[in-house]
Amino acid sequence: MKVFLDLMWFFKQEKKSYLTGIFLLLIVALLELVPPKVIGMIVDFIDQGTLTIDVLIKWLGILLLTACTVYVVRFFWRIMIFGSSVKLARLLRNRLFEHFTKMSQSFFQKRRIGDLMAHSTNDLQAIQQTAGSGVLTLVDSLATGGFVLLTMAFTINWKLTLICLIPLPFMALSTNYYGTLLHKRFHKAQEAFSSLNDKVQESISGIKVIKTFGQEEEDIEAFRKQSDDVVKKNLSVAKIDALFDPTISLIVGLSYFLAIIFGSRFVLSGDMTLGELVSFTTYLGLLIWPLLAFGWLFNIVERGRASLDRVTSLLSEPIEIQDQIHAIDNTPTGEINFSISQFSYPGEQKKVLENIRFTLQRGHTLGIVGKTGAGKTTLLKLLIREFEGYDGSIQIGNKKLTDYTLDALRSGIGYVPQDHFLFSATVADNIAFAKPDASLNDIMTAAKLSYIHEDILQFTDGYETVVGERGVSLSGGQKQRISIARALLVNPEILIMDDSLSAVDAKTEEEILRALRENRAGKTTIITSHRLSAIQHANEILVIEDGRIAQHGTHEELMDREGWYREMYHRQQLESLVEHGG
């Protein structure tokens, strides 16, 4: 029952609802004692020949009143207890979602999306059931069982009550053993479901690649194997679950057996009346639910404990990147200064960046080029504080990044990443994502700057066209330009474009860059690209090789020197010439 102690913070928070619900449950448990007593009394009246119409109507009226009262009370305790359990699920779901939004990139690299989704659905459902049906079952089984036993012992025959309780310790031992097995197996079943969830998410996201390479059958087979594993592990849970009811029914059957044998002897010896024996066996029937509920309780509790352990473990993951005390809430402005001795990703020894030192004046454009994997994107991720733990400092306006709040820092940066993520919403909503109150004119202006406006007008519903999930219905170039428009709409102090012109043609690239130069005067822009034409206009260009700055300078300065930049520029010029038939 440790799970109830772990959830005590919530029970205290909702104590009014839970105490009211428990009080109403106790009333129901007491009222359920009335019918067996009435039945026994009527049997005795019949046996003694003293039953009259008036007496029968009187006791039938009492039974009807009892039934109506139980009906009303049960309605309200369900609202109190089950309503509170829904609040718990909502609270934990909100905590999980908020926790996810605060976690750094390294957290999501370690965790699978399907696993996180399983935590937010199946596990929360099991916890909710513990706080609802679990509390109900615990209180109802103890209250009903306790009241019935006390009534049997003190109002009918305490000797017969003790005799009928002889089999119960065997039930307690067996259900406790089943509960231990259930906890272990349910934990494995939840893990298997998480893996299956992740497989489905991955397959749907990568359906284009799967179809392109003709791997549908292989992917279906892989899914079938994981699905079979989920079924296998859930069947192992069901096998333990299936032992509860038969075991309890056997124990109850033994108690009935003892009640009939010894109860008959007590009636024959005059220690009990026939009506009392009927009442006793009826009360024994009322014990079936508490005993079955007790077995069901183990099931609910062990499932809830396994799920709560998983959710608690997730919530206990430390937030690596968060605001410092007294952090500034102003948008950062000024020159950007990098002075990093070295940086490695969390949990890795390899140095990704080393001896990165440069200063970017406010209003200037910085171009960053280099081979794939050289460290260009990593450099940008440090600037937006997706990662920390580097040896050195990064400053904006002579203040460290950590001196600003995360909201202030990121509100001043417009970031266009390599992986252009679009939501399953309208084109206008996607562009206005960071500025939901933007007018349509503002949205259209940003779209014109990124040269996507004409394309949007050709869509079925224009700016109200709903794009598929992750922009699946758009081309790569269209997704890139919508992402650029999204960043330009907020008119950021610092605009970061991480290889975000790779899917557009040379002419469109030139027009976008010209629009940026004209409309972002006095504001800082950082562009990484494999195509050198995208950064040759920059005030400063960095060439990154193996995490180090191999060359730096303007386009003209770099062209005057031997090195990677000049060699790559000539190669790309030659490729462009060949493409155009030269």
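Is lysine 2 buried, partly exposed or exposed, and at what relative accessibility? In this predicted model, lysine 2 counts as partly exposed, because its relative accessibility is 47% and the partly exposed class lies between the limits of 20% and 50%. Lysine 2 forms a salt bridge with aspartate 6, in which the closest N and O atoms are 3.0 Å apart. Aspartate 6 is likewise assigned to the partly exposed class, with a relative accessible area of 31%. The two residues are four apart in helix α1, which covers residues 2-6, and so about one helical turn separates lysine 2 from aspartate 6.

The overall form of the protein chain was examined next. The chain has 582 residues and a radius of gyration of 36 Å, whereas a compact globule of that many residues would have a value near 25 Å. Along the principal axes, the C-alpha trace spans about 120 × 50 × 45 Å. The secondary structure amounts to 21 helices and 10 strands. Of the 582 residues, 45% count as buried, and the chain exposes about 29,800 Å², of which carbon and sulfur atoms supply 58%. Among contacts between residues at least 6 apart in sequence, 77% join residues at least 24 apart.

In total, 18 salt bridges were counted in the model. One of them joins glutamate 511 to arginine 514, with the closest N and O atoms 2.7 Å apart. Glutamate 511 and arginine 514 lie three residues apart in helix α19 (residues 506-519), and are therefore separated by about one helical turn. Glutamate 511 is partly exposed at 23% relative accessibility, and arginine 514 is also placed in the partly exposed class, at 32%.

Another salt bridge is formed by glutamate 567 and arginine 571, for which the closest N and O atoms are 3.1 Å apart. These residues are four apart in helix α21, which runs over residues 564-579, so that about one helical turn lies between glutamate 567 and arginine 571. The relative accessible area of glutamate 567 is 49%, which makes this residue partly exposed, and arginine 571, at 41% relative accessibility, is counted as partly exposed as well. Elsewhere, Lys351, Glu354 and Arg548 are joined into one network by salt bridges that share partners.

Nonpolar side chains were also found at the surface, where Tyr71, Val72, Phe75, Phe76 and Ile79 make a patch of about 550 Å². Isoleucine 79, one of the residues of this patch, belongs to helix α5, which comprises residues 53-102. With a relative accessibility of 44%, isoleucine 79 counts as partly exposed.

Threonine 130, by contrast in its setting, is buried, with a relative accessible area of 0%. This residue lies in helix α7, which extends over residues 113-155. When residues up to four places away in sequence are left out, threonine 130 touches Val3, Phe4, Leu7, Val135, Ile300 and Gly304.

The cysteines were considered last. A search of the whole structure finds zero disulfides, a disulfide being a pair of cysteine sulfur atoms within 2.5 Å. Cysteine 68 is partly exposed, with a relative accessible area of 43%, whereas cysteine 164 is buried, with a relative accessible area of 3%.

Terms used: Residues numbered from 1 in each chain as written. Predicted model: local features only at pLDDT ≥ 70, side-chain atom pairs only at ≥ 80, totals over all residues. Heavy atoms only, no water. Buried < 20%, exposed > 50% of the residue type's maximum accessible area, 1.4 Å probe, protein only. Contact = heavy atoms within 4.5 Å. Patch = residues over 30% accessible without salt bridge, like charges linked within 9 Å, V, L, I, M, F, W, Y side chains within 5 Å. Areas by Shrake-Rupley, 256 points an atom, 1.4 Å probe, with all protein chains shown as cover. Salt bridge = Lys/Arg side-chain N within 4 Å of Asp/Glu carboxyl O. Rg over C-alpha atoms; globule rule 2.2 N^0.38 Å.
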